[in-house]
Amino acid sequence: MAEKKAAKKAAKTANPAAAKADGEAAVLAKIAAMPAPYRAMGERLHALILHSAPALEPATWYGMPGYAKDGKTVCFFRADKKYMTFGFTQEANLTPEEGAPHQLIESAWYFTALDDATEAKLSAIVRKVAR
């Protein structure tokens, strides 16, 4: 197991451009396999994430489209039965809401359509946590 992990790491280090292309191809394949209308939302969400935070690199994460910074996945999305889920991992730069009387930190959102307002909100939160 450790040997396989070391070989994978060496391959990424040897050719980072190839690793990035492989990651993007895997993410695009996962999106292409999504049922309609989630496939179209996944394509738009993929483009939005890459545009909002160009430093993030596409890579699958537990079988879902994910995006990593410095090799650590910070966000992901998936198509569920009733809605699309977008979320952050513990590796994301999450901070509590300023002035909130609670200790909750937003880390996942659900939506059924990707309209302009939803895109703007997702773009803002991706930029914030990808810093």
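Which residues does Leu45 touch, not counting residues up to four places away in sequence? In this predicted model, Leu45 touches Phe77, Phe86, Phe111, Leu114 and Leu122, where contact means heavy atoms within 4.5 Å. Residues are numbered from 1 along each chain as its sequence is written, and side-chain values use heavy atoms, with hydrogens and water left out. As the model is predicted, local features need pLDDT of at least 70 and side-chain atom pairs count only at pLDDT 80 or more, while totals for chains, interfaces and linings use all residues.

Leu45 belongs to the largest nonpolar core, which has 26 residues. A nonpolar core is a set of buried Ala, Val, Leu, Ile, Met, Phe, Trp, Tyr and Cys residues joined through side-chain atoms within 4.5 Å. Buried stands for under 20% relative accessible area, exposed for over 50%, and partly exposed for values in between (1.4 Å probe, protein chains only). The members that touch the most other members are Leu45, Ile49, Leu56, Phe77 and Phe86. At least two residues of this core come from each of helix H2 (16-32), H3, strand E3 (72-79), strand E4 (84-88), strand E5 (108-111) and H4. H3 gives the largest share, five residues. Helices (H or I, at least four residues) and strands (E, at least two) are DSSP runs, numbered from the N terminus.

The packing of H3 against H4 was examined next. Two packed helices are described by the angle between their axes and the distance between the axes. The axes of H3 and H4 come within 9 Å and cross at roughly 45 degrees. Axes are lines fitted to C-alpha atoms, for helices over the stretch in contact, and angles run from 0 to 180 degrees between N-to-C directions. H3 and H4 are therefore oblique to each other, given that angles under 35 degrees count as roughly parallel, over 145 as roughly antiparallel, 65 to 115 as roughly perpendicular and the rest as oblique. On the H3 side the contact is made by Arg44, Leu45, Leu48, Ile49 and Ser52, and on the H4 side by Glu119, Leu122, Ser123, Val126 and Arg127. The crossing of H3 past H4 is right-handed, the near helix being turned clockwise from the far one by less than a right angle (anticlockwise would be left-handed).

Leu48 lies in helix H3 and is buried, with a relative accessible area of 11%. Apart from neighbours within four places in sequence, Leu48 is in contact with Glu119, Leu122 and Ser123. The C-alpha atoms of Leu48 and Glu119 are separated by 7.5 Å, although the two residues are 71 residues apart along the chain.

A search of the whole structure finds two salt bridges, each defined as a side-chain nitrogen of Lys or Arg within 4 Å of a carboxyl oxygen of Asp or Glu. Side chains of opposite charge can pair when their charged atoms come close. One salt bridge joins Arg44 and Glu119, with the closest N and O atoms 2.1 Å apart. This pair links distant parts of the chain, 75 residues apart, with Arg44 in helix H3 (residues 38-52) and Glu119 in helix H4 (residues 116-129). Arg44 is partly exposed, at a relative accessible area of 39%. The other salt bridge is between Asp80 and Arg78, at 2.9 Å from N to O. Asp80 is partly exposed at 23%, and Arg78 is partly exposed at 31%.

Thr73 has its place in strand E3 and is buried, with a relative accessible area of 13%. Without counting neighbours within four places in sequence, Thr73 is in contact with Trp61, Gly66, Tyr67, Ala68, Thr89 and Glu91.

Several loop residues were also examined. Pro37 lies in the loop between H2 and H3, and a cis peptide bond joins Ala36 and Pro37, with omega about 0 degrees. Ala55, in the loop between H3 and strand E1 (57-61), is exposed at 56% relative accessible area. The C-alpha atoms of Ala55 and Lys69 are separated by 6.6 Å, the residues being 14 residues apart along the chain. Tyr62, in the loop between E1 and strand E2 (64-69), has a positive phi of about 50 degrees although it is not a glycine. Tyr62 counts as exposed, at 72% relative accessibility. Asp70 lies in the loop between E2 and E3 and has a positive phi near 55 degrees, also as a residue other than glycine. Asp70 counts as exposed, at 73% relative accessibility.
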